[in-house]
Amino acid sequence: MESEEVRELRATLARLKQEHRDLDSAINALEQSGRADALQLKRLKKKKLYLKDEIARIEDQLLPDIIA
């Protein structure tokens, strides 16, 4: 894998991880406030799950499994 591609993947990975943490904080704040809209929470959780899948996909590209 080329170094430019690796740098781009790492930058994307860092951005996605930050967005995932931000969503987690937002979800927790909404749940604790007691004023959470169920549909809004569902959408945020779905987005968080999508980000988690993207993070895993990029991590797999950066660190592929080595079959010994």
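In the predicted model, helix α1 comprises 31 residues, for which a rise of 1.5 Å a residue gives an expected span of 45 Å; the end C-alpha atoms of α1 are 45 Å apart, in agreement with that expectation. Helix α2, with 25 residues, reaches 36 Å from its first C-alpha to its last, close to the 36 Å expected at 1.5 Å a residue. Just after α1, G34 adopts a positive phi of about 80°.

The two helices, α1 (residues 3-33) and α2 (residues 38-62), pack against each other with their axes 9 Å apart and at an angle of about 155°. Because angles over 145 degrees count as roughly antiparallel, α1 and α2 are therefore assigned to that class. The crossing of α1 past α2 is left-handed. The residues that form the contact of α1 with α2 comprise 13 nonpolar, four polar and 11 charged residues.

The buried positions of each helix were then examined. In α1 the buried residues are V6, L9, L13, L16, H20, L23 and I27, and these pack against α2. An α-helix has 3.6 residues a turn, so residues three or four places apart point the same way. In α2 the buried residues are L41, L44, L51, E54, I55, I58 and L62. The elements covering these α2 residues include α1. The buried sets include H20 in α1 and E54 in α2.

Individual residues illustrate this arrangement. I27 lies in helix α1 and has a relative accessibility of 4%, so this residue counts as buried. When residues up to four places away in sequence are not counted, I27 touches L41, L44, K45 and K48. Two of these partners, L41 and L44, belong to the buried residues of α2. For K48, the separation from I27 is 21 residues in sequence and 9.4 Å in space, C-alpha to C-alpha.

K42 offers a second view of the pairing. This residue lies in helix α2 and is exposed, because its relative accessible area is 61%, whereas I27 is buried at 4%. Along the chain K42 and I27 are 15 residues apart, and their C-alpha atoms are separated by 9.4 Å. K42 is not listed among the residues that I27 touches, which are L41, L44, K45 and K48.

Notes: Residues are numbered from 1 along each chain as its sequence is written. This is a predicted model: local features need pLDDT of at least 70, side-chain atom pairs count only at pLDDT 80 or more; totals for chains, interfaces and linings use all residues. Side-chain values use heavy atoms; hydrogens and water are left out. Axes are lines fitted to C-alpha atoms, for helices over the stretch in contact, and angles run from 0 to 180 degrees between N-to-C directions. Helices (H or I, at least four residues) and strands (E, at least two) are DSSP runs, numbered from the N terminus. Angles under 35 degrees count as roughly parallel, over 145 as roughly antiparallel, 65 to 115 as roughly perpendicular and the rest as oblique. A crossing is left-handed if the near helix is turned anticlockwise from the far one by less than a right angle, and right-handed if clockwise. Ala, Val, Leu, Ile, Met, Phe, Trp, Tyr, Cys and Pro count as nonpolar, Asp, Glu, Lys and Arg as charged, and the others, Gly among them, as polar. The expected span of a helix is 1.5 Å times one less than its number of residues. Buried means under 20% relative accessible area, exposed over 50%, partly exposed in between (1.4 Å probe, protein chains only). Contact means heavy atoms within 4.5 Å.
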